[in-house]
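Student: Please take me through the sheet in this model, closely and step by step. I am new to this structure.

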Amino acid sequence: MNKYIEKCLRICSEIEDCKETIKFENQILTGYSGKKLCTALQLFTKELVNKNNIYLEIGVFHGLTLLSNASYNKESTCVGIDNFSLFNKDGNNKKIVEDRINKLNIKNVKLLDMDFEDALDNLENLLEGKKVGVFFIDGAHDYRSQLISLLKIKKFLSDECVILIDDANYAHVRQATKDFLASDSEFKMICQAYTKAHPANLNNDEKKIALDGWWNGVNILVK
């Protein structure tokens, strides 16, 4: 086993043991995610993102994962893709994220207000010669959106990278991951963790467990 894989497995173990203090929700940052998931994003970015690559996520919403990661890893470039078309009845989500960036004085974040497929199709120009070291998928969770995200990102990934797939409790999300792995032997799953159900369907005690953990399940892949 090479050192890169060993490093990724060590991070997964550290997350489960909760050895790292993370930046999570506060009076400014709120959203829908679990502490272990945010920890994973922050620790993988710390280890795998450098001057030659970036952290990239699909699905920004109110910015909890993107901004907590950027705040924790101030030297890393953190990019979020979202056209703010979902869960945005009042049309304020992008402004909420921009206001939080200003309040937290975060300088290492870039928002791409685009459909995720358009962004991935034009990523070569948007990356300006860099690669993706950590890729987080938390956009539309239908089967096609999940699979197409994985297929389109492949050529932009750095040699040592990790992909984190949110909401893996859903069967169609897991199926997309399974089909992607079956299509390319270069990628392997090193961690899968699930919760009892989506937190919206849990009682208060169960929801706290999900909030302290992986929220609605996660799959973690390495190249």
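Tutor: Here is the sheet, followed by the parts around it.

This is a predicted model, where local features need pLDDT of at least 70, side-chain atom pairs count only at pLDDT 80 or more, and totals for chains, interfaces and linings use all residues. Residues are numbered from 1 along each chain as its sequence is written, and side-chain values use heavy atoms, with hydrogens and water left out.

Two terms come first. Helices (H or I, at least four residues) and strands (E, at least two) are DSSP runs, numbered from the N terminus. Two strands pair if DSSP finds at least two bridges between them.

Start with the layout. Seven strands form an open sheet in the order 3-2-1-4-5-7-6, and the pairing is mixed. The edges are held by strand 3 (109–112) and strand 6 (188–193). Each has a single partner strand, so one side of each is left without a neighbour in the sheet. From one strand to the next, the twist averages 15°. Angles run from 0 to 180 degrees between N-to-C directions, and axes are lines fitted to C-alpha atoms, for helices over the stretch in contact.

Now go to strand 4 (131–137). Is strand 4 mostly buried or exposed? Buried means under 20% relative accessible area, exposed over 50%, and partly exposed in between (1.4 Å probe, protein chains only). Six of the seven residues of strand 4 are buried, so this strand is largely enclosed by the rest of the structure.

Strand 4 pairs with strand 1 in the parallel sense, over six bridges. Asn53 has Lys131 of strand 4 as its bridge partner. Strand 4 also pairs with strand 5, again parallel, over five bridges. There, Val132 stands opposite Leu157 of strand 5. The chain runs from strand 4 through helix 7 to strand 5, a right-handed β-α-β crossover. Right-handed means that, with the strands pointing away from the viewer, the path from the first strand over the helix to the second runs clockwise.

At the strand 6 edge, the pairing is antiparallel. Strand 6 and strand 7 (residues 218–222) pair in that sense over five bridges. One example is Met189, whose bridge partner in strand 7 is Leu221. Helix 7 (residues 143–153) packs on the sheet and touches strand 1, strand 4, strand 5 and strand 7. Contact here means heavy atoms within 4.5 Å. The direction of helix 7 makes about 175° with that of strand 4.

Strand 2 is worth a stop at Gly80, which lies in it. Gly80 is buried, with a relative accessible area of 1%. Leaving out residues up to four places away in sequence, Gly80 touches Glu57, Val60, Leu66, Lys110, Leu111 and Leu112. Gly80 and Phe116 are 36 residues apart along the chain, and their C-alpha atoms are separated by 9.8 Å.

Next, the loops. Ser76 lies between helix 3 (64–72) and strand 2 (78–81). Ser76 is buried, at 8% relative accessible area. Apart from neighbours within four places in sequence, Ser76 is in contact with Thr45, Val49 and Asn108. Phe61 sits in the loop between strand 1 (53–58) and helix 3. Asp167 sits in the loop between strand 5 (157–166) and helix 8 (171–183). Most residues other than glycine have a negative phi. Phe61 has a positive phi of about 55°. Asp167 also has a positive phi of about 55°. Asp167 counts as buried, at 5% relative accessibility.

Helix 2 (residues 35–48) comes next. Its expected span is 1.5 Å times one less than its number of residues. For 14 residues that should be 20 Å, and the end C-alpha atoms are 20 Å apart, which agrees. Eleven of the 14 residues are buried, so helix 2 is largely enclosed by the rest of the structure. Among them are Leu37, Leu41, Phe44 and Thr45.

Cys38 belongs to helix 2 too. Cys38 is buried at 1% relative accessible area, and Cys78 is buried at 0%. A disulfide is a pair of cysteine sulfur atoms within 2.5 Å. The closest cysteine sulfur to that of Cys38 is in Cys78, 12 Å away, too far for a bond. By this rule, the disulfide count comes to zero.
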